[in-house]
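Pull up the structure and give it a spin before reading on. The paragraphs below are meant to be read with the view open beside you.

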Amino acid sequence: MTQMNELPKEERLERMRHSASHIMAEAVVEMFPEAKLGIGPPIDTGFYYDFGLPRPLTTDDLPLIEEKMRRRIESDVPFEPSLISKDEARGLFRDQPYKLELIDEIADEKVGLYRHGSFVDVCQGPHVDRTGEVAVFKLMSVAGAYWRGSERNPMLQRIYGALFDTEEELQEHLDHIEEALRRDHRRLGRELDLFSFHEEFGPGLVYWHPKGGRMRTIIEDFWRNEHYRAGYELVYSPHVGKSTLWETSGHLDFYSENMYSPMDVDGQDYYIKPMNCPFHIQMYKSSLRSYRDLPIRMGELGTVYRYERSGVLHGLLRVRGFTQDDAHIFCRPDQVKEEIERCVDFMQFFLGAFGFEKFHVYLATRDKGGKYAGSLEDWGMATNVLRDVIQERGLPYDVDEGGAVFYGPKIDVKLLDTLGREWQCTTIQFDFNLPERFDVTYIAEDGREHRPYMVHRALLGSIERFFGVLIEHYAGAFPLWLAPVQAIVIPIADRHVEYANKLAARFAGEGLRVEVDQRSERMQAKIRDAQLQKVPYMLVVGDREAEADAAAVRLRSGEDLKAQPIADVIARMQQDVAERR
RNA sequence: GCCGAAGUGGCGCAAUGGUAGCGCAAGCGAUUUGUAAUCGCUAGGUUGGGGGUUCGAAUCCCCCCUUCGGCUCCA
């Protein structure tokens, strides 16, 4: 027998979580003898189990199930592994269609079982030795989940539980969730007056308010400047295109369910664009290209509209109209490695500039069962180039097996929201499809037409999603270069407003974003509001400051810098702006 | 799209079949204040939309829309 306390913590937690899922399944079967069992694995913060049940569960059922679980834990019965033949297993689970499906797929002749109390499950383990070893847990929620993650399968009911070693750690986890709600970008977006949605006039469509708009402008200006410096040309393309364009691109065949219905213009169908690629290709094709012209890097902050299914919309992180920081790179085969390197470096530069140190890199490879464009050699080459660059840059990554789109392999980078959910932002994709479909060429040294490689990339992904993640990343307390209001001048009494306005004008003249709180409120109230708005600098001015051409500087952190000469404050802020970039 | 939950003034909430209320915010007035909320008054809601049950519906039933948490799908 393994002593639980000898195991590494991770392993011990995994066993406890897995065992808790069995114990939960036992409780559910006790309540619903006809329950059909799905699977019940451990996860990062706990466990879940999927059930097919005669009626929907509600959160009111959870305390009951918890109670049964606690009784089972107290009874401290053993978990007993065993091995039986497949035939025996089929007999044992004859009323459990999902289990039968799993048993059929087991490669071995023998099927592993784990039994505790009245409950037995097809399972490799490992488990804790006795139910009493399961530590503190809490059932969190019920949700629907397709059997085996396919929407063609029936939907089961999933119960999520959290499980940790100690009460303190569980409480920490619950506190973390609560904290996450406080920094939710949807909440901060309202509180900081950055953006809004108006569902009655179209879900998934973002209204950028002045402060959000200011931040977006800052982000976009930064993006444009850096792209010019990096050798990109920036373009603008139309928002709609005739059906013939989307037929040629293949979008009407492969992507139509994500496209808005066409509008009739003079008897022709026009579609609002879900992607920018076809337009960039037209610009490439507008003149004959020499090998000397390559690489051509064509960038655009291109606004696209996609019909996203109603259940997937999520604040700024999943919307129906968004602006991609898109670019297409047309290059010769001998240039493609360097271009990918540049993209990966550029990505790291951007994410770093916005304070993201943690991100998950994925190499998405060909779906071996699916359709694909291009030759197998091309796919092999492209996948190798992508992998080589990631490895040479020393980036940890996971392979997303079969995660590529049909037209080519890609590198994806996902950022985490405040609850730890991953959102794909950066994508760097090979495209073996569109160059072919649009017959994209360049004239090589041999005087003949050759097919260029085409790399499609978005570094921030979309401005909307990136902004959403950015808000949560900083919890709304943006670094000075991004802050929509960098300083607020707080006159103590009405007679100081004039001086305050003069100060604000002076700061504005230095390129700083400063406002004056002229309300007839107490200074404390103005400080509180500025604090809640997470304004980085509060400049309190009264008689003493007006006298001395100074301001009493209070930082967002609460730090009181006392009275400072205005010139010093400006210098400090300008340095602050410069540094954070 | 699927499963579940929810939708009440701008925001956060109360009212469980019997006259829709509270706080914040807003407008007006008073106050002129030294580092996280000054006081008073006023205004604001066909309770997401449509239909039904009932003497009477925010409350019960049906359909639709939207949001939230998942699943699936995606930047």
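What follows is a walk from the whole chain down to one residue, and then out to the RNA.

Keep in mind that this is a predicted model. Chain A has 581 residues, and 36% of them are buried. Its C-alpha atoms fill a box of roughly 85 × 75 × 50 Å, taken along the principal axes. The chain's secondary structure amounts to 18 helices and 28 strands. If you take the contacts between residues at least 6 apart in sequence, 69% join residues at least 24 apart.

Now for the sheets. One of them is an open sheet of eight strands, in the order 11-15-16-23-20-19-17-18, with mixed pairing. At its edges stand strand 11 (233-234) and strand 18 (397-400); each has a single partner strand, so one side of each is left without a neighbour in the sheet. Inside this sheet, strand 17 (residues 360-364) and strand 19 (residues 410-416) pair in the antiparallel sense, with five bridges between them. Look for Ala364, whose bridge partner in strand 19 is Lys410. Helix 10 (residues 277-285) lies across strand 15 (296-305), strand 16 (321-331) and strand 23 (453-462), and runs at about 145° to strand 15.

Next, move along to another open sheet, this one with five strands in the order 25-24-26-27-28 and again mixed pairing. Its edge strands are strand 25 (514-516) and strand 28 (560-565), each of which pairs on one side only. From one strand to the next, the twist averages 25°. As a reminder, strands of a sheet pair through backbone hydrogen bonds, either parallel or antiparallel.

You can trace both kinds of pairing here. Strand 24 (residues 487-491) runs parallel to strand 25, and three bridges join them; Ala487 stands opposite Val514 in strand 25. Strand 24 is also parallel to strand 26, this time with five bridges. One place to check that is Ile490, which has Val540 as its bridge partner in strand 26. Strand 26 and strand 27 run antiparallel, joined by four bridges, and Leu539 has Val553 as its bridge partner in strand 27.

Two helices pack over this sheet's strands. Helix 15 (residues 497-509) lies across strand 24, strand 25, strand 26 (537-541) and strand 27 (550-555), at about 170° to strand 25. Helix 18 (residues 566-580) lies across strand 24, strand 26, strand 27 and strand 28, at about 115° to strand 28.

Strand 26 deserves a closer look. Five of its five residues are buried, so the strand counts as mostly covered. Tyr537, Leu539 and Val541 point one way, Met538 and Val540 point the other way, and all are buried.

Why is Tyr537 called buried? It has 25 other C-beta atoms within 10 Å, and 20 or more is what it takes to count as buried. Leaving aside neighbours within four places in sequence, Tyr537 is in contact with Gln486, Ala487, Val553, Leu555 and Met573. Its C-alpha atom is separated by 8.5 Å from that of Val489, although the two residues are 48 apart along the chain.

Ala487 has its own set of partners. Setting aside neighbours within four places in sequence, Ala487 is in contact with Phe507, Leu512, Val514, Val535, Pro536, Tyr537, Leu539 and Met573. That fits into a wider picture: in the largest nonpolar core, which has 90 residues, Ile340, Ala487, Val489, Leu539 and Val541 touch the most other members. Helix 11 (residues 336-353) gives the most to this core, with seven residues. A second, separate core has 36 residues, including Met24, Phe51, Val128 and Ile159.

Finally, turn to the RNA. How many residues surround RNA strand B? There are 63, and the closest are Ala143, Gly144, Gly311, Gly542 and Ala552. Helix 16 (residues 523-532) supplies the largest share of the surface near RNA strand B, with seven residues. By residue type, that surface divides into 22 nonpolar, 20 polar and 21 charged.

Methods. Residues are numbered from 1 along each chain as its sequence is written. Chains are lettered from A and ligands numbered from 1 in the order in which they are written. This is a predicted model: local features need pLDDT of at least 70, side-chain atom pairs count only at pLDDT 80 or more; totals for chains, interfaces and linings use all residues. Two strands pair if DSSP finds at least two bridges between them. Axes are lines fitted to C-alpha atoms, for helices over the stretch in contact, and angles run from 0 to 180 degrees between N-to-C directions. Two residues are in contact if their C-beta atoms, placed from the backbone, lie within 7 Å. A residue is near a molecule or strand if its C-beta atom, placed from the backbone, lies within 6 Å of it. Ala, Val, Leu, Ile, Met, Phe, Trp, Tyr, Cys and Pro count as nonpolar, Asp, Glu, Lys and Arg as charged, and the others, Gly among them, as polar. A nonpolar core is a set of buried Ala, Val, Leu, Ile, Met, Phe, Trp, Tyr and Cys residues joined through C-beta atoms within 7 Å. A residue is buried if 20 or more other C-beta atoms lie within 10 Å of its own, exposed if 12 or fewer, and partly exposed in between; C-beta atoms are placed from the backbone.
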